[in-house]
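Biologist: Could we go through this model together? I should like to begin with how its interior is packed.

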Amino acid sequence: MTIAEIEKPNERGLQQVAANERLTFFGLTLPYLLMVTALIVIPVGWLFYLSFIGRDGSLSFENYERMMKSKAYIRIFLTTFKISILTTIICAAIGYPLAYFMSQLSRKWANICMIGVLIPFWTSLLVRTYAWLVLLQKKGLLNNMAIEMGLISEPIKIVHNTTGTLIGMVHIMLPFLILPLYANMRAIDKDTLKAASSLGATPTRAFWTVFFPLSLPGLLAGLLIVFVLCLGFYVTPAILGGGRVIMAAMKISSNIELYFSWGAASALGVVLLVVTGIILFIASKLVSMDQLGNR
Amino acid sequence: MSFLNKNVSETQIRLKDRLWLYIFSYLILFLLIVPSLVVIPMSFSASQYLEFPPKEWSLRWYENYFFAWKVENGFNDWMQATWTSLKVAILTIFVATPIGTMAAYGLVNSNSRLGKILFPIFISPMMVPIILVAIGLFYFFVQFKLVGSIIGLVLGHSLVAMPLVLIIVFSALKNYDMNQEKVARSLGATRFRAFREITLPQIKFSIISASLIAFLTSFDEIIISLFVAGGDNSTITRSMFLALRDQIDPTIAAISTILIVISSGLLIIIQLIGNKENKKD
(Lines give C-alpha, C1' and ligand atoms only; values in the text may rest on other atoms or scores of the structure.)
Protein backbone atom coordinates (compact mmCIF):
# COMPACT_ATOMS: atom_id res chain seq x y z
CA MET A 1 0.00 0.00 0.00
CA THR A 2 1.46 3.35 -1.01
CA ILE A 3 1.17 6.50 1.06
CA ALA A 4 -1.18 8.04 -1.50
CA GLU A 5 -3.53 5.10 -1.18
CA ILE A 6 -3.56 5.39 2.58
CA GLU A 7 -4.28 9.11 2.48
CA LYS A 8 -6.94 8.92 -0.21
CA PRO A 9 -8.42 5.44 -0.08
CA ASN A 10 -10.90 6.05 -2.91
CA GLU A 11 -8.46 7.72 -5.29
CA ARG A 12 -8.34 4.90 -7.80
CA GLY A 13 -12.08 4.32 -7.71
CA LEU A 14 -12.78 8.00 -8.25
CA GLN A 15 -10.41 8.12 -11.17
CA GLN A 16 -12.20 5.15 -12.65
CA VAL A 17 -15.57 6.89 -12.27
CA ALA A 18 -14.20 10.08 -13.82
CA ALA A 19 -12.81 8.12 -16.75
CA ASN A 20 -16.16 6.40 -17.23
CA GLU A 21 -17.91 9.76 -17.16
CA ARG A 22 -15.60 11.12 -19.84
CA LEU A 23 -16.22 8.04 -21.93
CA THR A 24 -20.01 8.46 -21.61
CA PHE A 25 -19.82 12.08 -22.73
CA PHE A 26 -17.59 11.20 -25.65
CA GLY A 27 -19.95 8.34 -26.48
CA LEU A 28 -22.87 10.78 -26.70
CA THR A 29 -21.06 12.76 -29.39
CA LEU A 30 -20.29 9.62 -31.39
CA PRO A 31 -23.43 9.51 -33.59
CA TYR A 32 -22.73 13.11 -34.63
CA LEU A 33 -19.09 12.34 -35.26
CA LEU A 34 -20.08 9.32 -37.30
CA MET A 35 -22.50 11.33 -39.46
CA VAL A 36 -19.94 14.06 -40.13
CA THR A 37 -17.22 11.53 -40.89
CA ALA A 38 -19.37 9.43 -43.19
CA LEU A 39 -21.09 12.30 -44.99
CA ILE A 40 -18.44 15.04 -45.12
CA VAL A 41 -14.95 13.85 -44.24
CA ILE A 42 -14.98 10.72 -46.42
CA PRO A 43 -16.85 12.18 -49.45
CA VAL A 44 -14.84 15.41 -49.47
CA GLY A 45 -11.65 13.43 -48.92
CA TRP A 46 -12.62 11.30 -51.88
CA LEU A 47 -13.13 14.40 -54.04
CA PHE A 48 -9.71 15.59 -52.90
CA TYR A 49 -8.24 12.33 -54.15
CA LEU A 50 -10.19 12.53 -57.43
CA SER A 51 -8.79 15.99 -58.11
CA PHE A 52 -5.31 14.46 -58.39
CA ILE A 53 -6.36 11.74 -60.83
CA GLY A 54 -5.65 12.45 -64.49
CA ARG A 55 -7.65 11.33 -67.46
CA ASP A 56 -5.61 8.15 -67.87
CA GLY A 57 -6.29 7.22 -64.25
CA SER A 58 -2.83 7.95 -62.87
CA LEU A 59 -1.82 10.40 -60.16
CA SER A 60 -1.12 13.81 -61.66
CA PHE A 61 -1.62 17.55 -61.31
CA GLU A 62 -3.30 17.60 -64.71
CA ASN A 63 -6.60 18.98 -63.40
CA TYR A 64 -4.92 21.85 -61.59
CA GLU A 65 -2.58 22.62 -64.48
CA ARG A 66 -5.48 22.76 -66.90
CA MET A 67 -7.34 25.06 -64.51
CA MET A 68 -4.42 27.48 -64.18
CA LYS A 69 -3.88 27.65 -67.92
CA SER A 70 -7.51 27.95 -68.98
CA LYS A 71 -8.77 31.47 -69.57
CA ALA A 72 -12.33 30.37 -68.75
CA TYR A 73 -11.29 29.25 -65.28
CA ILE A 74 -9.29 32.39 -64.59
CA ARG A 75 -12.35 34.41 -65.54
CA ILE A 76 -14.49 32.33 -63.17
CA PHE A 77 -12.04 32.93 -60.32
CA LEU A 78 -12.02 36.64 -61.03
CA THR A 79 -15.83 36.80 -61.24
CA THR A 80 -16.18 34.84 -58.01
CA PHE A 81 -13.82 37.15 -56.14
CA LYS A 82 -15.22 40.31 -57.71
CA ILE A 83 -18.83 39.46 -56.84
CA SER A 84 -17.89 38.26 -53.33
CA ILE A 85 -15.81 41.33 -52.52
CA LEU A 86 -18.39 43.76 -53.92
CA THR A 87 -21.23 42.03 -52.04
CA THR A 88 -19.22 42.11 -48.82
CA ILE A 89 -18.34 45.80 -49.17
CA ILE A 90 -21.91 46.84 -50.01
CA CYS A 91 -23.25 44.74 -47.11
CA ALA A 92 -20.81 46.44 -44.74
CA ALA A 93 -21.67 49.91 -46.03
CA ILE A 94 -25.41 49.28 -45.57
CA GLY A 95 -25.28 46.96 -42.59
CA TYR A 96 -22.98 48.94 -40.33
CA PRO A 97 -25.21 52.03 -40.04
CA LEU A 98 -28.30 49.83 -39.64
CA ALA A 99 -26.72 47.70 -36.90
CA TYR A 100 -25.48 50.87 -35.20
CA PHE A 101 -28.95 52.38 -35.38
CA MET A 102 -30.52 49.25 -33.87
CA SER A 103 -27.92 49.09 -31.10
CA GLN A 104 -28.85 52.62 -30.01
CA LEU A 105 -32.58 51.88 -29.74
CA SER A 106 -34.29 50.62 -26.62
CA ARG A 107 -34.51 46.81 -26.35
CA LYS A 108 -38.17 46.83 -27.31
CA TRP A 109 -37.71 48.83 -30.51
CA ALA A 110 -34.53 46.99 -31.39
CA ASN A 111 -36.42 43.69 -31.14
CA ILE A 112 -39.11 45.03 -33.47
CA CYS A 113 -36.43 46.07 -35.98
CA MET A 114 -34.84 42.66 -35.49
CA ILE A 115 -37.96 41.05 -36.91
CA GLY A 116 -37.22 43.00 -40.09
CA VAL A 117 -33.82 41.36 -40.23
CA LEU A 118 -35.04 37.89 -39.25
CA ILE A 119 -37.98 37.61 -41.65
CA PRO A 120 -35.78 37.66 -44.76
CA PHE A 121 -33.29 35.46 -42.94
CA TRP A 122 -35.85 32.69 -42.64
CA THR A 123 -37.65 33.27 -45.93
CA SER A 124 -36.63 30.73 -48.53
CA LEU A 125 -33.64 31.88 -50.55
CA LEU A 126 -35.42 30.81 -53.68
CA VAL A 127 -38.47 32.92 -52.90
CA ARG A 128 -36.35 36.02 -52.38
CA THR A 129 -34.38 35.42 -55.55
CA TYR A 130 -37.59 34.92 -57.49
CA ALA A 131 -39.04 38.13 -56.03
CA TRP A 132 -36.04 40.11 -57.26
CA LEU A 133 -36.40 38.54 -60.68
CA VAL A 134 -40.00 39.77 -60.75
CA LEU A 135 -39.05 43.26 -59.55
CA LEU A 136 -36.03 43.80 -61.75
CA GLN A 137 -37.08 42.31 -65.07
CA LYS A 138 -37.62 44.45 -68.17
CA LYS A 139 -41.35 44.87 -67.59
CA GLY A 140 -40.92 44.65 -63.84
CA LEU A 141 -42.07 46.97 -61.10
CA LEU A 142 -38.85 48.96 -60.90
CA ASN A 143 -38.59 49.70 -64.62
CA ASN A 144 -42.31 50.57 -64.84
CA MET A 145 -42.06 52.95 -61.93
CA ALA A 146 -38.97 54.64 -63.30
CA ILE A 147 -40.66 55.11 -66.69
CA GLU A 148 -43.85 56.51 -65.13
CA MET A 149 -41.84 58.97 -63.10
CA GLY A 150 -40.03 59.96 -66.27
CA LEU A 151 -36.60 58.99 -65.00
CA ILE A 152 -35.94 56.79 -68.01
CA SER A 153 -37.65 56.41 -71.37
CA GLU A 154 -36.65 52.84 -72.18
CA PRO A 155 -36.61 49.94 -69.72
CA ILE A 156 -33.06 49.36 -68.54
CA LYS A 157 -31.46 45.98 -68.02
CA ILE A 158 -30.97 45.38 -64.33
CA VAL A 159 -31.34 41.62 -64.18
CA HIS A 160 -29.58 38.71 -65.89
CA ASN A 161 -26.30 40.52 -65.32
CA THR A 162 -23.86 41.53 -62.60
CA THR A 163 -26.10 44.31 -61.23
CA GLY A 164 -29.03 41.96 -60.68
CA THR A 165 -26.78 39.34 -59.09
CA LEU A 166 -25.32 41.91 -56.71
CA ILE A 167 -28.73 43.27 -55.68
CA GLY A 168 -30.01 39.78 -54.92
CA MET A 169 -26.87 38.67 -53.09
CA VAL A 170 -26.67 41.80 -50.92
CA HIS A 171 -30.30 41.28 -49.93
CA ILE A 172 -29.62 37.67 -48.97
CA MET A 173 -26.30 38.28 -47.19
CA LEU A 174 -27.20 41.40 -45.20
CA PRO A 175 -28.70 39.53 -42.19
CA PHE A 176 -25.51 37.44 -41.89
CA LEU A 177 -23.56 40.67 -41.43
CA ILE A 178 -26.03 42.43 -39.17
CA LEU A 179 -26.61 39.61 -36.66
CA PRO A 180 -23.03 39.25 -35.30
CA LEU A 181 -22.37 42.99 -35.67
CA TYR A 182 -25.50 43.95 -33.75
CA ALA A 183 -24.73 41.44 -30.96
CA ASN A 184 -21.26 42.96 -30.66
CA MET A 185 -22.53 46.58 -30.65
CA ARG A 186 -25.17 45.78 -28.02
CA ALA A 187 -22.45 44.51 -25.71
CA ILE A 188 -20.42 47.74 -25.92
CA ASP A 189 -20.62 49.59 -22.62
CA LYS A 190 -22.33 52.91 -23.31
CA ASP A 191 -20.52 54.51 -20.37
CA THR A 192 -17.33 54.48 -22.43
CA LEU A 193 -19.00 56.91 -24.85
CA LYS A 194 -20.27 59.07 -21.99
CA ALA A 195 -16.75 59.15 -20.60
CA ALA A 196 -15.28 60.20 -23.95
CA SER A 197 -17.90 62.89 -24.30
CA SER A 198 -17.40 64.23 -20.78
CA LEU A 199 -13.67 64.45 -21.48
CA GLY A 200 -14.48 66.81 -24.31
CA ALA A 201 -14.64 64.58 -27.38
CA THR A 202 -17.09 65.67 -30.07
CA PRO A 203 -19.73 63.02 -30.90
CA THR A 204 -17.92 62.23 -34.15
CA ARG A 205 -14.61 61.82 -32.40
CA ALA A 206 -16.16 59.71 -29.63
CA PHE A 207 -17.64 57.45 -32.27
CA TRP A 208 -14.44 56.95 -34.26
CA THR A 209 -12.01 56.64 -31.37
CA VAL A 210 -14.18 54.66 -28.94
CA PHE A 211 -17.20 52.99 -30.49
CA PHE A 212 -15.84 51.99 -33.89
CA PRO A 213 -12.74 50.15 -32.60
CA LEU A 214 -14.90 48.28 -30.07
CA SER A 215 -17.27 47.17 -32.83
CA LEU A 216 -14.49 45.83 -35.06
CA PRO A 217 -14.63 42.17 -33.87
CA GLY A 218 -18.33 41.98 -34.77
CA LEU A 219 -17.77 43.73 -38.09
CA LEU A 220 -14.90 41.39 -38.92
CA ALA A 221 -16.94 38.31 -38.01
CA GLY A 222 -19.80 39.53 -40.21
CA LEU A 223 -17.54 40.42 -43.14
CA LEU A 224 -15.85 37.02 -43.06
CA ILE A 225 -19.11 35.07 -42.85
CA VAL A 226 -20.54 37.04 -45.78
CA PHE A 227 -17.39 36.67 -47.86
CA VAL A 228 -17.08 32.93 -47.26
CA LEU A 229 -20.77 32.33 -48.01
CA CYS A 230 -20.50 34.42 -51.20
CA LEU A 231 -17.54 32.39 -52.47
CA GLY A 232 -19.66 29.23 -52.55
CA PHE A 233 -22.88 30.86 -53.74
CA TYR A 234 -24.88 29.12 -56.40
CA VAL A 235 -28.63 29.73 -56.53
CA THR A 236 -28.85 33.52 -56.76
CA PRO A 237 -26.15 34.08 -59.42
CA ALA A 238 -27.58 31.15 -61.40
CA ILE A 239 -31.02 32.78 -61.55
CA LEU A 240 -30.29 36.52 -61.47
CA GLY A 241 -27.06 36.27 -63.46
CA GLY A 242 -28.88 34.77 -66.43
CA GLY A 243 -25.83 32.75 -67.50
CA ARG A 244 -23.62 35.82 -67.72
CA VAL A 245 -22.29 35.65 -64.19
CA ILE A 246 -20.54 32.33 -63.69
CA MET A 247 -19.21 31.71 -60.21
CA ALA A 248 -17.08 28.82 -58.98
CA ALA A 249 -19.97 26.81 -57.51
CA MET A 250 -21.89 26.99 -60.80
CA LYS A 251 -18.86 25.74 -62.73
CA ILE A 252 -18.46 22.83 -60.31
CA SER A 253 -22.09 21.95 -60.83
CA SER A 254 -21.98 22.18 -64.63
CA ASN A 255 -18.75 20.17 -64.76
CA ILE A 256 -20.66 17.33 -63.19
CA GLU A 257 -24.16 17.74 -64.60
CA LEU A 258 -23.10 18.42 -68.18
CA TYR A 259 -19.60 17.03 -68.67
CA PHE A 260 -19.33 14.33 -65.97
CA SER A 261 -15.78 15.51 -65.40
CA TRP A 262 -15.27 14.73 -61.75
CA GLY A 263 -11.56 15.56 -61.82
CA ALA A 264 -12.11 19.14 -62.97
CA ALA A 265 -15.05 19.67 -60.62
CA SER A 266 -13.10 18.27 -57.67
CA ALA A 267 -10.02 20.39 -58.40
CA LEU A 268 -12.13 23.55 -58.48
CA GLY A 269 -13.91 22.41 -55.33
CA VAL A 270 -10.61 21.82 -53.55
CA VAL A 271 -9.42 25.33 -54.47
CA LEU A 272 -12.70 26.75 -53.13
CA LEU A 273 -12.34 24.69 -49.93
CA VAL A 274 -8.73 25.74 -49.38
CA VAL A 275 -9.50 29.44 -49.86
CA THR A 276 -12.50 29.12 -47.50
CA GLY A 277 -10.36 27.21 -45.01
CA ILE A 278 -7.61 29.86 -45.02
CA ILE A 279 -10.13 32.66 -44.45
CA LEU A 280 -11.85 30.75 -41.65
CA PHE A 281 -8.48 29.95 -40.07
CA ILE A 282 -7.55 33.63 -40.03
CA ALA A 283 -11.03 34.37 -38.70
CA SER A 284 -10.68 31.87 -35.86
CA LYS A 285 -7.47 33.61 -34.81
CA LEU A 286 -9.22 36.97 -34.80
CA VAL A 287 -12.64 36.16 -33.38
CA SER A 288 -13.85 33.24 -31.31
CA MET A 289 -15.34 30.30 -33.18
CA ASP A 290 -18.61 30.51 -31.23
CA GLN A 291 -19.32 33.90 -32.73
CA LEU A 292 -18.83 32.61 -36.25
CA GLY A 293 -21.19 29.74 -35.74
CA ASN A 294 -23.85 31.93 -34.24
CA ARG A 295 -26.22 32.49 -37.10
CA MET B 1 -40.18 71.18 -33.99
CA SER B 2 -38.71 70.81 -30.56
CA PHE B 3 -38.56 67.02 -30.74
CA LEU B 4 -35.72 67.36 -33.22
CA ASN B 5 -33.57 68.69 -30.42
CA LYS B 6 -34.13 65.62 -28.25
CA ASN B 7 -30.94 63.81 -27.27
CA VAL B 8 -30.67 60.43 -28.93
CA SER B 9 -27.34 59.15 -27.71
CA GLU B 10 -24.91 59.24 -24.83
CA THR B 11 -22.81 61.84 -26.61
CA GLN B 12 -25.51 64.52 -26.83
CA ILE B 13 -26.35 64.03 -30.45
CA ARG B 14 -29.71 65.57 -31.20
CA LEU B 15 -32.33 63.88 -33.31
CA LYS B 16 -31.96 66.38 -36.15
CA ASP B 17 -28.26 65.62 -36.45
CA ARG B 18 -29.12 62.02 -36.87
CA LEU B 19 -32.25 62.19 -38.96
CA TRP B 20 -30.37 60.76 -41.96
CA LEU B 21 -29.54 57.63 -39.95
CA TYR B 22 -33.19 57.12 -39.00
CA ILE B 23 -34.39 57.57 -42.57
CA PHE B 24 -31.62 55.39 -43.98
CA SER B 25 -32.25 52.60 -41.45
CA TYR B 26 -36.00 52.46 -41.96
CA LEU B 27 -35.45 52.48 -45.72
CA ILE B 28 -33.09 49.51 -45.49
CA LEU B 29 -35.49 47.63 -43.18
CA PHE B 30 -38.24 48.33 -45.71
CA LEU B 31 -36.03 47.01 -48.52
CA LEU B 32 -35.23 43.91 -46.48
CA ILE B 33 -38.84 42.92 -45.94
CA VAL B 34 -40.95 44.26 -48.80
CA PRO B 35 -39.29 42.82 -51.94
CA SER B 36 -40.09 39.25 -50.88
CA LEU B 37 -43.72 40.20 -50.34
CA VAL B 38 -44.14 41.27 -53.97
CA VAL B 39 -44.78 37.60 -54.82
CA ILE B 40 -48.04 37.66 -52.87
CA PRO B 41 -50.02 39.95 -55.22
CA MET B 42 -48.30 38.35 -58.20
CA SER B 43 -49.62 34.95 -57.18
CA PHE B 44 -53.22 36.18 -57.47
CA SER B 45 -52.72 37.61 -60.96
CA ALA B 46 -54.76 36.28 -63.83
CA SER B 47 -52.08 37.03 -66.37
CA GLN B 48 -49.48 34.61 -67.69
CA TYR B 49 -46.94 37.37 -67.64
CA LEU B 50 -45.56 38.87 -64.51
CA GLU B 51 -47.15 42.30 -64.57
CA PHE B 52 -47.28 44.43 -61.48
CA PRO B 53 -49.74 45.44 -60.22
CA PRO B 54 -51.86 42.66 -61.75
CA LYS B 55 -54.72 43.90 -63.93
CA GLU B 56 -57.04 41.01 -63.18
CA TRP B 57 -57.18 38.67 -60.24
CA SER B 58 -57.60 34.91 -60.15
CA LEU B 59 -56.67 31.79 -58.27
CA ARG B 60 -55.49 29.95 -61.37
CA TRP B 61 -51.88 29.58 -60.21
CA TYR B 62 -53.01 28.07 -56.92
CA GLU B 63 -55.25 25.72 -58.87
CA ASN B 64 -52.30 24.88 -61.03
CA TYR B 65 -50.22 24.10 -57.97
CA PHE B 66 -52.81 22.03 -56.15
CA PHE B 67 -54.74 20.36 -58.95
CA ALA B 68 -52.80 20.32 -62.22
CA TRP B 69 -52.20 16.80 -63.42
CA LYS B 70 -49.57 16.21 -66.01
CA VAL B 71 -51.07 14.17 -68.80
CA GLU B 72 -48.01 12.13 -69.64
CA ASN B 73 -47.42 10.55 -66.22
CA GLY B 74 -50.72 11.13 -64.40
CA PHE B 75 -48.97 12.90 -61.53
CA ASN B 76 -49.20 16.37 -60.13
CA ASP B 77 -45.48 17.07 -60.05
CA TRP B 78 -45.80 20.06 -57.71
CA MET B 79 -47.85 18.17 -55.13
CA GLN B 80 -45.59 15.14 -55.32
CA ALA B 81 -42.54 17.36 -54.72
CA THR B 82 -44.30 19.06 -51.81
CA TRP B 83 -45.03 15.72 -50.15
CA THR B 84 -41.44 14.64 -50.61
CA SER B 85 -40.22 17.90 -49.04
CA LEU B 86 -42.59 17.52 -46.09
CA LYS B 87 -41.66 13.88 -45.52
CA VAL B 88 -37.94 14.65 -45.69
CA ALA B 89 -38.23 17.72 -43.43
CA ILE B 90 -40.17 15.81 -40.76
CA LEU B 91 -37.74 12.87 -40.86
CA THR B 92 -34.85 15.36 -40.66
CA ILE B 93 -36.27 16.62 -37.35
CA PHE B 94 -36.13 13.09 -35.94
CA VAL B 95 -32.56 12.50 -37.11
CA ALA B 96 -30.94 15.90 -36.54
CA THR B 97 -32.56 16.85 -33.20
CA PRO B 98 -31.60 13.78 -31.11
CA ILE B 99 -28.12 13.51 -32.62
CA GLY B 100 -27.47 17.24 -32.21
CA THR B 101 -28.87 17.32 -28.66
CA MET B 102 -26.81 14.31 -27.57
CA ALA B 103 -23.66 15.85 -28.99
CA ALA B 104 -24.42 19.19 -27.32
CA TYR B 105 -24.91 17.43 -23.97
CA GLY B 106 -21.68 15.51 -24.41
CA LEU B 107 -19.73 18.61 -25.42
CA VAL B 108 -21.00 20.76 -22.56
CA ASN B 109 -19.98 18.17 -19.99
CA SER B 110 -16.70 17.00 -21.46
CA ASN B 111 -13.42 18.75 -20.81
CA SER B 112 -12.57 21.75 -22.91
CA ARG B 113 -9.73 20.07 -24.82
CA LEU B 114 -12.03 17.53 -26.42
CA GLY B 115 -14.53 20.30 -27.13
CA LYS B 116 -11.89 22.41 -28.85
CA ILE B 117 -11.10 19.56 -31.21
CA LEU B 118 -14.68 18.44 -31.83
CA PHE B 119 -16.48 21.79 -32.15
CA PRO B 120 -14.87 22.89 -35.44
CA ILE B 121 -15.46 19.41 -36.88
CA PHE B 122 -19.08 19.53 -35.76
CA ILE B 123 -19.83 22.87 -37.37
CA SER B 124 -17.94 21.93 -40.55
CA PRO B 125 -21.21 21.34 -42.49
CA MET B 126 -21.80 25.10 -42.13
CA MET B 127 -18.25 25.99 -43.13
CA VAL B 128 -17.47 23.71 -46.08
CA PRO B 129 -18.94 25.21 -49.28
CA ILE B 130 -22.30 23.50 -49.65
CA ILE B 131 -21.73 22.72 -53.33
CA LEU B 132 -18.74 20.58 -52.33
CA VAL B 133 -20.81 18.76 -49.70
CA ALA B 134 -23.49 18.18 -52.33
CA ILE B 135 -21.27 16.67 -55.01
CA GLY B 136 -19.40 14.67 -52.36
CA LEU B 137 -22.70 13.23 -51.14
CA PHE B 138 -23.78 12.57 -54.71
CA TYR B 139 -20.61 10.59 -55.42
CA PHE B 140 -20.93 8.75 -52.11
CA PHE B 141 -24.63 7.97 -52.52
CA VAL B 142 -24.13 6.62 -56.03
CA GLN B 143 -22.07 3.77 -54.52
CA PHE B 144 -24.90 2.91 -52.11
CA LYS B 145 -27.74 3.49 -54.58
CA LEU B 146 -29.11 6.26 -52.35
CA VAL B 147 -29.40 8.90 -55.07
CA GLY B 148 -33.05 9.83 -55.55
CA SER B 149 -34.07 8.15 -52.29
CA ILE B 150 -35.77 9.66 -49.26
CA ILE B 151 -33.02 8.24 -47.00
CA GLY B 152 -30.33 10.02 -49.00
CA LEU B 153 -32.18 13.33 -48.75
CA VAL B 154 -32.80 12.94 -45.02
CA LEU B 155 -29.12 12.17 -44.39
CA GLY B 156 -27.99 15.16 -46.47
CA HIS B 157 -30.46 17.57 -44.88
CA SER B 158 -29.72 16.30 -41.38
CA LEU B 159 -26.07 17.03 -41.99
CA VAL B 160 -26.79 20.73 -42.57
CA ALA B 161 -29.42 20.94 -39.82
CA MET B 162 -27.32 19.28 -37.10
CA PRO B 163 -24.91 22.20 -36.52
CA LEU B 164 -27.89 24.52 -35.95
CA VAL B 165 -29.42 22.11 -33.41
CA LEU B 166 -26.01 21.72 -31.77
CA ILE B 167 -25.49 25.48 -31.41
CA ILE B 168 -28.99 26.16 -30.04
CA VAL B 169 -29.02 23.30 -27.52
CA PHE B 170 -25.38 23.89 -26.60
CA SER B 171 -26.04 27.51 -25.64
CA ALA B 172 -29.16 26.47 -23.68
CA LEU B 173 -27.16 23.87 -21.73
CA LYS B 174 -24.39 26.38 -21.08
CA ASN B 175 -26.87 28.57 -19.22
CA TYR B 176 -28.19 25.56 -17.31
CA ASP B 177 -26.73 24.47 -13.98
CA MET B 178 -25.59 20.89 -14.45
CA ASN B 179 -25.34 20.42 -10.66
CA GLN B 180 -29.10 19.87 -10.62
CA GLU B 181 -28.50 16.58 -12.40
CA LYS B 182 -25.80 15.66 -9.93
CA VAL B 183 -28.28 16.19 -7.09
CA ALA B 184 -30.81 13.91 -8.75
CA ARG B 185 -28.18 11.26 -9.31
CA SER B 186 -26.90 11.45 -5.76
CA LEU B 187 -30.48 10.74 -4.72
CA GLY B 188 -30.34 7.54 -6.73
CA ALA B 189 -31.61 8.47 -10.21
CA THR B 190 -29.80 7.03 -13.20
CA ARG B 191 -28.11 9.50 -15.54
CA PHE B 192 -30.81 9.02 -18.14
CA ARG B 193 -33.62 9.52 -15.63
CA ALA B 194 -31.89 12.61 -14.22
CA PHE B 195 -31.63 14.02 -17.74
CA ARG B 196 -35.22 13.16 -18.63
CA GLU B 197 -36.85 14.45 -15.46
CA ILE B 198 -34.60 17.36 -14.46
CA THR B 199 -32.69 18.72 -17.46
CA LEU B 200 -35.05 18.02 -20.34
CA PRO B 201 -38.06 19.96 -18.97
CA GLN B 202 -35.82 22.99 -18.51
CA ILE B 203 -34.33 23.01 -21.99
CA LYS B 204 -37.38 21.68 -23.85
CA PHE B 205 -38.20 25.02 -25.50
CA SER B 206 -34.73 25.25 -26.97
CA ILE B 207 -35.05 21.72 -28.27
CA ILE B 208 -38.44 22.53 -29.81
CA SER B 209 -37.03 25.66 -31.52
CA ALA B 210 -34.05 23.64 -32.70
CA SER B 211 -36.32 21.03 -34.24
CA LEU B 212 -38.43 23.69 -35.98
CA ILE B 213 -35.26 25.23 -37.38
CA ALA B 214 -34.15 21.77 -38.52
CA PHE B 215 -37.50 21.43 -40.32
CA LEU B 216 -37.15 24.80 -42.00
CA THR B 217 -33.53 24.14 -42.99
CA SER B 218 -34.51 20.91 -44.67
CA PHE B 219 -37.60 22.38 -46.31
CA ASP B 220 -35.64 25.30 -47.79
CA GLU B 221 -32.54 23.33 -48.77
CA ILE B 222 -31.74 23.50 -52.48
CA ILE B 223 -28.19 22.53 -53.43
CA ILE B 224 -28.01 19.10 -51.81
CA SER B 225 -31.50 18.33 -53.12
CA LEU B 226 -30.39 19.37 -56.59
CA PHE B 227 -27.83 16.57 -56.68
CA VAL B 228 -29.21 13.96 -54.31
CA ALA B 229 -32.92 14.13 -55.18
CA GLY B 230 -34.21 12.86 -58.46
CA GLY B 231 -36.67 10.60 -60.19
CA ASP B 232 -39.97 10.53 -58.32
CA ASN B 233 -38.41 12.17 -55.28
CA SER B 234 -37.81 15.75 -56.34
CA THR B 235 -38.20 18.30 -53.56
CA ILE B 236 -40.29 21.43 -53.91
CA THR B 237 -37.28 23.76 -53.89
CA ARG B 238 -35.50 21.65 -56.49
CA SER B 239 -38.54 21.72 -58.78
CA MET B 240 -38.85 25.47 -58.28
CA PHE B 241 -35.18 26.06 -59.06
CA LEU B 242 -35.31 23.97 -62.22
CA ALA B 243 -38.49 25.75 -63.33
CA LEU B 244 -36.95 29.17 -62.61
CA ARG B 245 -33.89 28.44 -64.70
CA ASP B 246 -36.09 27.77 -67.71
CA GLN B 247 -38.97 30.22 -67.58
CA ILE B 248 -40.86 32.45 -65.17
CA ASP B 249 -43.89 30.35 -64.32
CA PRO B 250 -46.37 32.29 -62.13
CA THR B 251 -47.17 29.02 -60.31
CA ILE B 252 -43.89 29.70 -58.53
CA ALA B 253 -45.38 32.92 -57.15
CA ALA B 254 -48.23 30.89 -55.64
CA ILE B 255 -45.81 28.36 -54.12
CA SER B 256 -43.59 31.20 -52.87
CA THR B 257 -46.56 32.78 -51.12
CA ILE B 258 -47.30 29.49 -49.38
CA LEU B 259 -43.63 29.16 -48.38
CA ILE B 260 -43.61 32.70 -46.95
CA VAL B 261 -46.69 31.88 -44.88
CA ILE B 262 -45.08 28.66 -43.58
CA SER B 263 -41.72 30.20 -42.69
CA SER B 264 -43.12 33.33 -41.06
CA GLY B 265 -45.57 31.15 -39.11
CA LEU B 266 -42.70 29.00 -37.82
CA LEU B 267 -40.62 32.10 -37.08
CA ILE B 268 -43.44 33.54 -34.95
CA ILE B 269 -43.72 30.25 -33.05
CA ILE B 270 -39.96 30.19 -32.47
CA GLN B 271 -40.01 33.81 -31.22
CA LEU B 272 -42.93 33.08 -28.89
CA ILE B 273 -41.10 30.05 -27.51
CA GLY B 274 -38.03 32.23 -27.01
CA ASN B 275 -40.07 34.80 -25.07
CA LYS B 276 -41.53 32.07 -22.87
CA GLU B 277 -38.10 30.73 -22.04
CA ASN B 278 -36.75 34.21 -21.33
CA LYS B 279 -39.61 35.02 -19.00
CA LYS B 280 -38.82 31.97 -16.93
CA ASP B 281 -35.36 33.28 -16.02
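Modeller: A term is needed beforehand: a nonpolar core is a set of buried Ala, Val, Leu, Ile, Met, Phe, Trp, Tyr and Cys residues joined through C-beta atoms within 7 Å. Please note also that this is a predicted model.

Biologist: Which residues touch the most other members of the largest nonpolar core?

Modeller: They are Met173(A), Val226(A), Ala134(B), Ile135(B), Leu137(B) and Val165(B), in a core of 156 residues. Helix H8 of chain B, residues 150-174, gives the most to this core, namely 15 residues.

Biologist: Where does this core lie with respect to the domains of chain B?

Modeller: It lies between them, because domain 1 (2-63) and domain 2 (70-246) both give residues to it. The centres of these two domains of chain B, taken over C-alpha atoms, are separated by 34 Å. Another core lies apart from it and has five residues, including Ala196(A) and Phe211(A).

Biologist: What does Leu137(B) touch?

Modeller: Leaving aside residues up to four places away in sequence, Leu137(B) touches Leu39(A) and Pro43(A) in chain A, and Gly156(B), Ile224(B), Phe227(B) and Val228(B) in chain B.

Biologist: How many residues does the contact take from each chain?

Modeller: Chain B gives 75 residues and chain A gives 71. On the chain B side, 55 are nonpolar, 16 polar and four charged.

Biologist: Turning to chain A, how many helices and strands are there?

Modeller: Chain A has 14 helices and zero strands. Its radius of gyration is 26 Å, well over the 19 Å that the globule rule gives for 295 residues, so chain A is more spread out than a compact globule. The C-alpha trace of chain A spans about 100 × 75 × 30 Å along its principal axes.

Notes
Residues numbered from 1 in each chain as written. Chains lettered and ligands numbered in written order. Predicted model: local features only at pLDDT ≥ 70, side-chain atom pairs only at ≥ 80, totals over all residues. Domains from an automatic or database assignment. Contact = placed C-beta atoms within 7 Å. Nonpolar A, V, L, I, M, F, W, Y, C, P; charged D, E, K, R; others polar. Buried ≥ 20, exposed ≤ 12 C-beta atoms within 10 Å, placed from the backbone. Helix = DSSP H or I, 4+ residues; strand = E, 2+ residues; numbered from the N terminus. Rg over C-alpha atoms; globule rule 2.2 N^0.38 Å.
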